[in-house]
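Reader: I am in my first year of studying proteins and should be grateful for a close look at one part of this model. Please begin with a single side chain and proceed from there to whatever surrounds it or is joined to it.

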Amino acid sequence: MARRKTPPAPAELDQLIHERLRLGIVCTLAVHDSLSFTELRDLLETTDGNLSVQARKLEEAGYVRCSKRFEERRPRTTYRLTPRGRAALEEYLETLADMLPPLDQVRHSAGARRSPLGPVPAES
């Protein structure tokens, strides 16, 4: 994909995915076929309540599919990334990549006072 002439505005990022834990959920599910609630919670090092709330928001948007069943009389919740969620992640990453300056530019222009997102005010 060719880079845009002007970087996208931060508001162009999918705000549903942009939240830290939701981004973690989507990215983690992108590299696993499915994960149980416990596996996802442990990988993301979060609490049950926080994972439940953020996963539900992704589920309501159609980015994640949640299935519940019983195994040996114990409830088991499993999450999968949906095709819509994968497409949203791909678009998010492409937008983010268009926002970011090339790594070489970051490394070699530490003293420069320019930003790909606009002018940087001089320090006083």
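Author: Let us begin with Tyr 79, which has a relative accessibility of 5% and therefore counts as buried. The cut-off behind that word is a relative accessible area under 20%. Please bear in mind throughout that the model is predicted.

What does the ring of Tyr 79 pair with? Its partner is the ring of Phe 37: the two centres are 6.4 Å apart and the planes stand at 40°, so the pair is described as tilted. The reasoning is that planes under 30 degrees apart would count as stacked and planes over 60 as edge-to-face, so that an angle falling outside both ranges is called tilted. A search of the whole structure finds one aromatic pair. Phe 37 is also buried, because its relative accessibility is 16%. The pair links distant parts of the chain, as Phe 37 belongs to helix α3, residues 37–44, and Tyr 79 to strand β3, residues 74–81. In sequence, the two residues are 42 residues apart.

Phe 37 leads us to a second contact, that of helix α3 with helix α4. On the α3 side, Phe 37 takes part together with Leu 40, Arg 41 and Leu 44; on the α4 side are Asp 48, Leu 51 and Ser 52. Sorted by class, this contact has four nonpolar residues, one polar residue and two charged residues. The two helix axes come within 10 Å and cross at roughly 110°. The range from 65 to 115 degrees counts as roughly perpendicular, and α3 and α4 are therefore roughly perpendicular to each other.

Charged side chains deserve attention here as well. In general, side chains of opposite charge can pair when their charged atoms come close. Arg 41, which has just been named in the helix contact, forms a salt bridge with Asp 42, with the closest N and O atoms 3.0 Å apart. Asp 48, on the α4 side of that contact, is linked with Arg 41 and Asp 42 in a network of salt bridges. Asp 42 has a relative accessible area of 46%, so Asp 42 is partly exposed.

Between the two helices lies a loop, and Glu 45 is found there. The phi angle of Glu 45 is near 50°, a positive value in a residue other than glycine. Is Glu 45 buried or exposed? Glu 45 is exposed, because its relative accessible area is 74%.

A further glutamate can be described in similar terms. Glu 72 is found in the loop between β2 (64–71) and β3, the strand that holds Tyr 79. The phi angle of Glu 72 is near 50°, again a positive value in a residue other than glycine. With a relative accessibility of 77%, Glu 72 counts as exposed.

Other salt bridges involve Glu 71. This residue forms one with Arg 69, where the closest N and O atoms are 2.4 Å apart, and one with Arg 76, at 3.6 Å from N to O. Glu 71 counts as partly exposed, since its relative accessibility is 35%. Arg 69, at 42%, counts as partly exposed, and Arg 76 is partly exposed with a relative accessible area of 28%. The count of salt bridges comes to five.

Finally, let us return to helix α4, which spans residues 48–60 and contains Gln 54. Gln 54 is buried, because its relative accessible area is 9%. Leaving aside residues up to four places away in sequence, Gln 54 touches Glu 19, Leu 21, Arg 22 and Ile 25. Arg 22 is also one of the residues touched by Ile 17, among which are Leu 23, Tyr 63, Ala 88, Leu 89 and Tyr 92, with residues up to four places away again not counted. Ile 17 has its place in helix α1, residues 15–18, and is buried, because its relative accessible area is 0%. Along the chain, Ile 17 and Gln 54 are 37 residues apart, while their C-alpha atoms are separated by 9.9 Å.

Methods
Residues numbered from 1 in each chain as written. Predicted model: local features only at pLDDT ≥ 70, side-chain atom pairs only at ≥ 80, totals over all residues. Heavy atoms only, no water. Phe/Tyr/Trp six-rings, centres within 6.5 Å; stacked < 30°, edge-to-face > 60°. Helix = DSSP H or I, 4+ residues; strand = E, 2+ residues; numbered from the N terminus. Buried < 20%, exposed > 50% of the residue type's maximum accessible area, 1.4 Å probe, protein only. Contact = heavy atoms within 4.5 Å. Axes fitted to C-alpha atoms, helices over the stretch in contact; angles between N-to-C directions. Parallel < 35°, antiparallel > 145°, perpendicular 65-115°, else oblique. Nonpolar A, V, L, I, M, F, W, Y, C, P; charged D, E, K, R; others polar. Salt bridge = Lys/Arg side-chain N within 4 Å of Asp/Glu carboxyl O.
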